[in-house]
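Want to get to know a new structure by working through it piece by piece? Grab the viewer and try each exercise before you read its solution.

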Amino acid sequence: MKSKVLPFVPLIIGCLIIIGGLIQTHIIDDRVASINSSLNAQQQVLRKTKLKTENPVANIKAKTPAQINSQSQLQAANEMYKTANSFFSVVFNFNSQSSWNQRSKKASPYVTDNILKDKHFFNSGKDISGHSIIEAEKLMATFNNLSLATSSIDNNNHTITGLAQVTYTGEMEGSNSAQSTDVYQLTYDLQQHKLTQVQRIGQLGSDN
């Protein structure tokens, strides 16, 4: 505002001086006083704006309990999503016996030990004779995406639960690749920052 007003101030004052003989003195004084008052008001706004910019902490308003709770819920849900996304991107990403075996180590930052020991996710990938099923069938999988719906935070247990839809593409020798979407019940520990439960509920569908 200041940059727009100031260039016109000399013009306005100059006009007032030129036609001063035609306008009563008190009217001129009122106009000038009005201009000065406007400029002073704008300068005060600029000073306040500058103060806010230089000291942003002073402008932080106290948040209500509801706002704090909402923010905590959002942060917990985002944290859970990132962890779950990282976990399933490891689980559904292999194309050899070696990469299959490496999954448990790669998944360890995201889940507790009980999940790492779950044979539904982490097994040898071999049959009873010790031969690799992964290599024999040329099995491979690629993680696509994850969507997550969460519940409210359980403050007593410091956990948050959710339902995850996990979409991945699987392929084996002699068949076309297929995209599948599985549904999982998840529990996330906000203190350990890990998933403590990953339970498959079922499959929504598979596209060949």
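Below are five exercises on this predicted model, each with a worked solution.

**Exercise 1. Follow the strands**

Start at strand E1 and work out which strands are joined by bridges, and how many bridges there are each time.

Solution.
- Step 1: Find E1 at residues 93-94 and E2 at residues 140-150; two bridges join them, and they run antiparallel. To pin this down, look at Asn93, whose bridge partner in E2 is Thr142.
- Step 2: Move on from E2 to E3, residues 159-171. Here you'll find 10 bridges, again with antiparallel strands. One pair to click on is Asn145 and its partner in E3, Thr167.
- Step 3: Go from E3 to E4. These two are antiparallel as well, with 12 bridges between them. Gln165 stands opposite Val183 of E4.
- Step 4: Check the turn. The hairpin of E3 and E4 has six residues between its strands, and Gly174 there has a positive phi near 85°.

**Exercise 2. Thr159: buried or exposed?**

Decide, then list what Thr159 touches beyond its sequence neighbours.

Solution.
- Step 1: Place it. Thr159 sits in strand E3.
- Step 2: Use the cut-off. The relative accessible area of Thr159 is 12%, and buried means under 20%, so Thr159 counts as buried.
- Step 3: See what's around it. Skipping neighbours within four places in sequence, Thr159 is in contact with Ile153, Asp154, Thr187, Tyr188, Asp189 and Leu190.
- Step 4: Now glance at E4, where 10 of the 12 residues are buried, so the strand is mostly covered.

**Exercise 3. Find the largest nonpolar core**

Work out how many residues the largest nonpolar core has and which elements build it.

Solution.
- Step 1: Count. This core has 25 residues, and Phe87, Phe88, Leu186, Leu195 and Val198 have the most contacts inside it.
- Step 2: Trace the elements. Helix H4 (65-91), E2, E3, E4 and E5 each give two or more residues. The largest share is from H4, with seven residues.
- Step 3: Zoom in on Phe87. Leaving out neighbours within four places in sequence, its contacts are Ala107, Tyr110, Val111, Ile115, Phe121, Phe122, Leu195 and Val198.
- Step 4: Link this to a general pattern. In soluble globular proteins, nonpolar side chains tend to be buried together.

**Exercise 4. Explore the largest pocket**

Say how much space the largest pocket holds and what lines it.

Solution.
- Step 1: The space in the largest pocket is about 230 Å³.
- Step 2: Its lining has 15 residues, and Val91, Phe92, His120, Phe121 and Tyr184 lie nearest the centre.
- Step 3: Helix H5 (97-107), strand E4 (178-189) and strand E5 (194-207) each supply at least two lining residues. E5 has the largest share, four residues.
- Step 4: Sort by class: eight nonpolar, four polar and three charged.

**Exercise 5. Do it again for the second largest pocket**

Find the volume of the second largest pocket and the element that gives the most to its lining.

Solution.
- Step 1: This pocket holds about 180 Å³ of space.
- Step 2: Among its lining residues are Phe94, Trp100, Ile133, Met140, Tyr168 and Glu171.
- Step 3: Helix H7 (133-136), E2 and E3 each bring at least two residues to the lining, and E3 gives the most, with three.
- Step 4: By class, the lining has nine nonpolar, two polar and one charged.

Conventions:
Residues numbered from 1 in each chain as written. Predicted model: local features only at pLDDT ≥ 70, side-chain atom pairs only at ≥ 80, totals over all residues. Heavy atoms only, no water. Pairing = 2+ DSSP bridges. 1 Å grid on protein atoms, 1.4 Å probe; cavity = no way out; pocket = protein on both sides within 12 Å on 5 of 7 lines; lining within 4 Å. Points joined across faces, edges and corners; volume = space filled by probe spheres on them. Nonpolar A, V, L, I, M, F, W, Y, C, P; charged D, E, K, R; others polar. Buried < 20%, exposed > 50% of the residue type's maximum accessible area, 1.4 Å probe, protein only. Contact = heavy atoms within 4.5 Å. Core = buried A, V, L, I, M, F, W, Y, C linked by side-chain atoms within 4.5 Å.
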